[in-house]
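Welcome, and please have the viewer open as you read. The tour below goes from the overall layout to a few single residues.

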Amino acid sequence: MSAMILSVEDLTVSFDGFKAVDSLNFYVEENQVHVVIGPNGAGKTTLLDMICGKTRPSAGSIRFKDLQLANMIEYQITRAGVGRKFQNPSVYEDLTVRENLDISSPDKRGIFNCLFARKDKALQAEIEHIAEMIFLHDQLGRKAGLLSHGQKQWLEIGMLLMQRPELLLLDEPVAGMSAGEREKTAGLLKQIAKGRAMVIIEHDMEFVKSVADKVTVLHQGKTLAYGSMDQVQNDPRVIDVYLGH
Ligand SMILES: Nc1ncnc2c1ncn2[C@@H]1O[C@H](COP(=O)(O)OP(=O)(O)OP(=O)(O)O)[C@@H](O)[C@H]1O
């Protein structure tokens, strides 16, 4: 069995007395793509928000390797190796694809350093390699604002990879993509997960089937079901609250 990279235990957050996440246990192993599904309002985004430090838990533990993330703030969590992609792509539209990747490197201190500093060969090689992975190698000199929605999503994944995260948190990475782009993204994410781990929130069940090693179904802030895609999609409780709708 692989080692656990993330262990969430008894995690709870209350908003004005309402428990959006309620005594949740959730585990992610190294090299694993773990998809979280569930109806609207189940607590999926709130779970990712707590892991990345955007929302502070009311109680519970979030252990990432040997770190307790519940006690850390957002930028410390990012630096420790947790990368988060939000639902809408947020790339720098006026910069080229290359510049977007360049400024995402942790070796860079700020945008001006990045644009005017002497280019480091190893960094440029890394940019080229990542651009190849995210299907944008021939777009490196193009302004990000001119990319399609799907290409912007890929660029943002590339920007996350530049931070060399060990755990990636992705919120609906294929939203708004064509069928062809979704298929390419599934291949990309499976490749990325090797040597790391990934938590994905997604509603597109075809996509979930194609990427998930494990699936957790959240409902009302708690785990309703956990297992392989086959196991959860045949679970009558999951069909009742989610898949049957
Ligand atoms: N900052 C907040 N203040 C108050 N309530 C909140 C806050 N954030 C989330 N909630 C509530 O917590 C519940 C869980 O929301 P969350 O966004 O995590 O659900 P979700 O499973 O991601 O849903 P969706 O699939 O619609 O994105 C919802 O009822 C939401 O209204």
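## Domains and ligand shell

The centres of domain 1 and domain 2, taken over C-alpha atoms, are separated by 28 Å. Four residues of domain 1 and five residues of domain 2 take part in the contact, where two residues are in contact if their C-beta atoms, placed from the backbone, lie within 7 Å. On the side of domain 1 that touches domain 2, the residues divide into two nonpolar, one polar and one charged. For these classes, Ala, Val, Leu, Ile, Met, Phe, Trp, Tyr, Cys and Pro count as nonpolar, Asp, Glu, Lys and Arg as charged, and the others, Gly among them, as polar. Domain 1 covers 4-91 + 164-243 and domain 2 covers 96-146; such bounds come from an automatic or database domain assignment.

Before going on, please keep in mind that this is a predicted model: local features need pLDDT of at least 70, side-chain atom pairs count only at pLDDT 80 or more, and totals for chains, interfaces and linings use all residues. Residues are numbered from 1 along each chain as its sequence is written.

Around the ligand you will find F15, A20, G38, N40, G41, A42, G43, K44, T45 and T46; a residue is near a molecule if its C-beta atom, placed from the backbone, lies within 6 Å of it. By class, this shell around the ligand has three nonpolar, six polar and one charged residues. Helix 1 (residues 44-51) gives the largest share of the shell, three residues. Helices (H or I, at least four residues) and strands (E, at least two) are DSSP runs, numbered from the N terminus.

## Two helices with a buried face

Helix 5 and helix 7 can be read in the same way. A residue is buried if 20 or more other C-beta atoms lie within 10 Å of its own, exposed if 12 or fewer, and partly exposed in between, with C-beta atoms placed from the backbone.

In helix 5, the buried residues are I127, I130 and A131. Seen down the axis of helix 5, they fall within an arc of 105°, so they line one face of the helix; the arc is that of the directions from the helix axis to the C-beta atoms. These buried residues pack against helix 3 (97-103) and helix 6 (149-162). On the face of helix 5 turned away from its buried side sit the exposed residues K121, A122, A125 and H129. The 13 residues of helix 5 (residues 121-133) should span 18 Å at 1.5 Å a residue, and the end C-alpha atoms are 19 Å apart, which agrees. The expected span is 1.5 Å times one less than the number of residues.

Helix 7 (residues 179-193) has 15 residues and reaches 21 Å from its first C-alpha to its last, close to the 21 Å expected at 1.5 Å a residue. Its buried residues are R182, T185, A186, L189 and I192. Down the axis of helix 7 these fall within an arc of 135°, so they line one face of the helix. They pack against strand 3 (33-37), helix 6, strand 7 (167-171), strand 8 (197-201) and helix 8. The exposed residues G180, G187 and Q191 are carried by the face turned away from the buried side of helix 7.

## Single residues worth a click

V211 lies in helix 8 (residues 205-211) and counts as buried, because it has 23 C-beta neighbours inside 10 Å. Leaving aside neighbours within four places in sequence, V211 is in contact with V33, V35, A186, L189, K190 and I200. Two of the buried residues of helix 7, A186 and L189, are among these partners.

L160 is found in helix 6. With 20 C-beta neighbours inside 10 Å, L160 counts as buried. Its contacts, apart from neighbours within four places in sequence, are G83, K85, P165 and L168.

Which residues have a positive phi? The table gives four of them.

| Residue | Phi | Place |
|---|---|---|
| S23 | about 50° | strand 2 (residues 18-29) |
| F135 | near 65° | after helix 5 |
| G195 | about 85° | just after helix 7 |
| Q220 | about 50° | loop between strand 9 (214-219) and strand 10 (222-227) |

Most residues other than glycine have a negative phi. S23 is partly exposed, with 14 other C-beta atoms within 10 Å, and Q220 is partly exposed too, with 15 such atoms within 10 Å.
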